[in-house]
Amino acid sequence: MANNNKELAAYVTEQLADLGEVRSIPMMGGYVFYYRERIFGGIYGNGFMVKVTKASRQYMPDSVPEPPYEGAKEMLPVTILDNREMLQKMVAEMFEELPERKPRKPKGKASAKEKK
């Protein structure tokens, strides 16, 4: 299964290559995808899924939201993966609807809350 996920990650990356600034990182047997450093989707046991946004719903009205794993927020299974142009437009339009990436906490330094 992990090999299939690796192949799917390569395919998704290729489909989105024209956008630039798309990257993925392996995470717990799947992959998390970033566009311009904002998480927009990932590869999970159910395949490639994206966050539920106005744009993702508009481009994939046939997709039914489901959680990618137990306890997770619902995401949309990607139904337009083979339509390179439409997929790129969707991800580009999703960008403004996605939360900014949270800054990492510095390692080794306890925060004010942790010191109390």
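The exercises below, each with a worked solution, concern the pockets and helix α3 of a predicted model.

**Exercise 1.** Describe the largest pocket by its volume, its lining and the strands that contribute to that lining.

*Solution.* Start with the volume, which is about 620 Å³. The lining consists of 29 residues, and those closest to the centre of the pocket are I39, Y44, K51, Y69 and M75. Next, turn to the strands: at least two lining residues come from each of β1 (22-27), β2 (30-35) and β3 (38-44). Finally, sort the lining by class, which gives 16 nonpolar, six polar and seven charged residues.

**Exercise 2.** State which residues line the second largest pocket and how they divide by class.

*Solution.* This pocket has a volume of about 290 Å³. Its lining is made up of Y34, R38, I39, K51, P99, E100, R101, K102, P103 and R104. Divided by class, six of the lining residues are charged, four are nonpolar and none is polar.

**Exercise 3.** Find the buried residues of helix α3 (residues 84-94) and explain why they lie on the same side of α3.

*Solution.* The buried residues in α3 are L87, Q88, M90, V91 and M94. They are on the same side of the helix because the arc they cover around the axis is only 160 degrees. The general rule is that an α-helix has 3.6 residues a turn, so residues three or four places apart point the same way.

**Exercise 4.** Is Q88 buried or exposed, and which residues does it contact beyond its neighbours within four places in sequence?

*Solution.* Q88 belongs to helix α3. Its relative accessible area is 12%; the limit for buried is under 20%, so Q88 is buried. With those sequence neighbours left aside, Q88 contacts Q15, L16, A17, D18 and L19.

How values were computed
Residues numbered from 1 in each chain as written. Predicted model: local features only at pLDDT ≥ 70, side-chain atom pairs only at ≥ 80, totals over all residues. Heavy atoms only, no water. 1 Å grid on protein atoms, 1.4 Å probe; cavity = no way out; pocket = protein on both sides within 12 Å on 5 of 7 lines; lining within 4 Å. Points joined across faces, edges and corners; volume = space filled by probe spheres on them. Helix = DSSP H or I, 4+ residues; strand = E, 2+ residues; numbered from the N terminus. Nonpolar A, V, L, I, M, F, W, Y, C, P; charged D, E, K, R; others polar. Buried < 20%, exposed > 50% of the residue type's maximum accessible area, 1.4 Å probe, protein only. Arc of directions from axis to C-beta. Contact = heavy atoms within 4.5 Å.
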